[in-house]
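The following paragraphs lead the reader through one protein model, from a single loop residue to the overall fold, the interior and the pockets. Please keep the sequence and the structure in view while reading.

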Amino acid sequence: MERRFLCDEMLKRLGRWLRAAGYDTAIAENGETDAALLAKAVGEGRLMLSCDRKLAEHRAAQGHLLLLEANSLDAQLHEVDERLSLQWNYRPFSRCLVCNTPIEERLASEVKLPEEVAREQPTVYWCPRCEKAYWEGSHVRRMRRRLMELEAGR
């Protein structure tokens, strides 16, 4: 069964890295109550990730919450990896980092892109929901390296 996550507002950056690795990761919207977040995690079969100790007091949290101790992003990445033994190269860059939707390969000519990107990239990846384009630039290469380092860090 595929692992699915729900990160609370404090763990947005961690949530984006989980998406980059290819995991279906919802990120809490501003102002959602603890009860609503836990109900969403349970209803959608997600493991909720949080640093909020109050969440652990909810009865619904049992079996649906991983309470993290770490505060920095690096420490959170390592703690999640240590506790869940994740594959950081699970399905890299298969989900939109913004909205979590699976992305699709498209011809560069079908998507509005900066001219230099359209000239150099015959294909790009496209989010059909938020219409964001992704391509193999230096930012993606740095992120791929980071995912490989996380994978090798065990």
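Is S85 buried or exposed? The model is a predicted one, and in it S85 has a relative accessible area of 51%. Because residues count as exposed over 50%, S85 is exposed. Its place in the chain is the loop between α3 and β5 (104–107). The backbone of S85 also deserves attention: its phi is near 50 degrees, a positive value in a residue other than glycine.

The loop between α3 and β5 also holds F93. Phi of F93 is likewise positive, near 55 degrees, and this residue too is not a glycine. What is the relative accessible area of F93? The value is 12%, and since buried means under 20%, F93 is buried. The loop between α3 and β5 thus offers an exposed residue in S85 and a buried one in F93, each with a positive phi.

From this loop the view may be widened to the whole chain. The protein contains five helices and seven strands. Followed along the sequence, these elements give the pattern β-α-β-α-β-β-α-β-α-β-β-α. The C-alpha trace spans about 55 × 30 × 30 Å along its principal axes. There are 154 residues in the protein, and 42% of them count as buried. Among contacts with a separation of 6 or more, 49% are between residues 24 or more positions apart. On the outside, the protein exposes about 9,000 Å², and 48% of this area is supplied by carbon and sulfur atoms.

The interior comes next. In soluble globular proteins, nonpolar side chains tend to be buried together. In this model, the largest nonpolar core has 29 residues, and L14, L18, L49, L86 and W88 are those with the most contacts inside it. At least two residues of this core come from each of β1 (4–7), α1, α3 (73–84) and α5. The element that gives the most to this core is α1, with five residues. There is also a second, separate core of ten residues, including L6, L38, A61 and L65.

Why is α1 described as largely enclosed by the rest of the structure? The reason is that seven of its ten residues are buried. These residues are L14, G15, W17, L18, R19, A20 and A21. Two of them, L14 and L18, are also among the residues with the most contacts inside the largest nonpolar core. The cover over the buried residues of α1 includes β1, β2, β3 (47–50), α3 and α5. After α1 comes G22, whose phi is positive, near 110 degrees.

Helix α1 also takes part in the largest pocket. This pocket holds about 290 Å³ of space. Its lining consists of 14 residues, and those nearest its centre are R19, I27, E29, V98 and C99. Two or more lining residues come from each of α1 (12–21) and β2 (24–27). With three residues, α1 gives the most to the lining. R19 therefore belongs both to the buried residues of α1, for which the cut-off is under 20% relative accessible area, and to the residues nearest the centre of the pocket. By class, the lining comprises seven charged, five nonpolar and two polar residues.

The second largest pocket has about 160 Å³ of space. Its lining is made up of F93, I103, Q121, T123, Y125, Y134, W135, E136, V140 and R144. The elements β6 (123–126) and α5 (138–152) each give two or more of these residues. Here six lining residues are nonpolar, two are polar and two are charged. The buried loop residue F93 thus reappears in this lining.

Which residues does R144 touch, apart from those up to four places away in sequence? They are P92, F93 and E136. Two of these, F93 and E136, line the second largest pocket together with R144. R144 is found in helix α5 and has a relative accessible area of 28%. Because this value falls between the limits for buried and exposed, under 20% and over 50%, R144 is partly exposed. Finally, R144 and A56 are 88 residues apart in sequence, and their C-alpha atoms are 33 Å apart in space.

Key: Residues numbered from 1 in each chain as written. Predicted model: local features only at pLDDT ≥ 70, side-chain atom pairs only at ≥ 80, totals over all residues. Heavy atoms only, no water. 1 Å grid on protein atoms, 1.4 Å probe; cavity = no way out; pocket = protein on both sides within 12 Å on 5 of 7 lines; lining within 4 Å. Points joined across faces, edges and corners; volume = space filled by probe spheres on them. Helix = DSSP H or I, 4+ residues; strand = E, 2+ residues; numbered from the N terminus. Nonpolar A, V, L, I, M, F, W, Y, C, P; charged D, E, K, R; others polar. Core = buried A, V, L, I, M, F, W, Y, C linked by side-chain atoms within 4.5 Å. Buried < 20%, exposed > 50% of the residue type's maximum accessible area, 1.4 Å probe, protein only. Contact = heavy atoms within 4.5 Å. Areas by Shrake-Rupley, 256 points an atom, 1.4 Å probe, with all protein chains shown as cover.
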